[in-house]
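Please examine how the helices pack in this model and where open space remains around them. The explanation below takes the packing first and the pockets afterwards.

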Amino acid sequence: MPNVIDEIPILAVAGALAHGKTVICDAKELRVKETDRLAAIATNLTAMGVEVVELEDGLEIYGGSPLLGARVKSYGDHRIAMAFAIAGMFANNQTVIEDTDCIATSYPRFAQQLQKFLTPDENPPTPVINPAEVLEKN
């Protein structure tokens with residue numbers, strides 16, 4: 001767990017989007033980061049309609065239901081803010097994240113990069129291969 005401790009917020013969002021139960025354990029260190037990340041994740045996912053059980057050292061996340069748009073907090077933690085920006089992309093209705101200035105701590109261009117994912121590139125740098133065209137040539 002120590003090698004992925006900073007990735008837990010986004011992995012929790014992935015668990016909420018996946019079908020079934022995701023268990024995060026041995027992550028007690030997350031309670032003493034910029035904020036109590038376990039509590040922040042549980043609170044925000046619950047606000048988005050996800051069933052979450054908060055454990056002493058982790059979370060049980062029951063995914064597969066559609067995420068609901070919600071007003072969530074970053075708790076001043078850049079990783080929580082970024083993870084829930086991604087969650088908001090998959091939510092029904094609008095998601096508002098309070099206090100996103102903290103993102104500049106680790107990823108000042110996050111909003112611009114995220115916008116690139118949301119805006120189709122008219123001239124992608126890598127050619128897109130149409131499988132039907134490949135089959136027709138063979």
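In this predicted model, helix 1 and helix 2 cross with right-handed geometry. Helix 1 spans residues 8–17 and helix 2 spans residues 37–47; their axes come within 10 Å and cross at roughly 30°. Angles under 35 degrees count as roughly parallel, and the two helices are therefore described as roughly parallel to each other. On the side of helix 1, the contact is made by Ile8, Pro9, Ala12 and Ala16, while helix 2 contributes Arg37, Ile41 and Leu45. Classified by type, this contact comprises six nonpolar residues, one charged residue and no polar ones.

Attention now turns to the open space. The largest pocket holds about 290 Å³. Its lining consists of 18 residues, and those nearest the centre are Ala85, Ile97, Phe110, Ala111 and Leu114. Helix 3 (78–89), strand 5 (96–98) and helix 4 (110–118) each provide at least two residues of this lining, with helix 4 giving the most, namely six. In character the lining of the largest pocket has 13 nonpolar and five polar residues, and no charged ones.

The second largest pocket contains about 160 Å³ of space. Asp6, Glu7, Pro9, Ile10, Arg79, Met82, Ala83, Ile86 and Phe110 line this pocket. Helix 1 and helix 3 each supply at least two of the lining residues, and helix 3 gives the most, with four. Here the division is six nonpolar, three charged and no polar residues. Pro9 thus links two parts of this description: Pro9 belongs to the contact of helix 1 with helix 2 and also to the lining of the second largest pocket.

Methods: Residues numbered from 1 in each chain as written. Predicted model: local features only at pLDDT ≥ 70, side-chain atom pairs only at ≥ 80, totals over all residues. Heavy atoms only, no water. Axes fitted to C-alpha atoms, helices over the stretch in contact; angles between N-to-C directions. Parallel < 35°, antiparallel > 145°, perpendicular 65-115°, else oblique. Left-handed = near helix turned anticlockwise from the far one by under 90°. Contact = heavy atoms within 4.5 Å. Nonpolar A, V, L, I, M, F, W, Y, C, P; charged D, E, K, R; others polar. 1 Å grid on protein atoms, 1.4 Å probe; cavity = no way out; pocket = protein on both sides within 12 Å on 5 of 7 lines; lining within 4 Å. Points joined across faces, edges and corners; volume = space filled by probe spheres on them.
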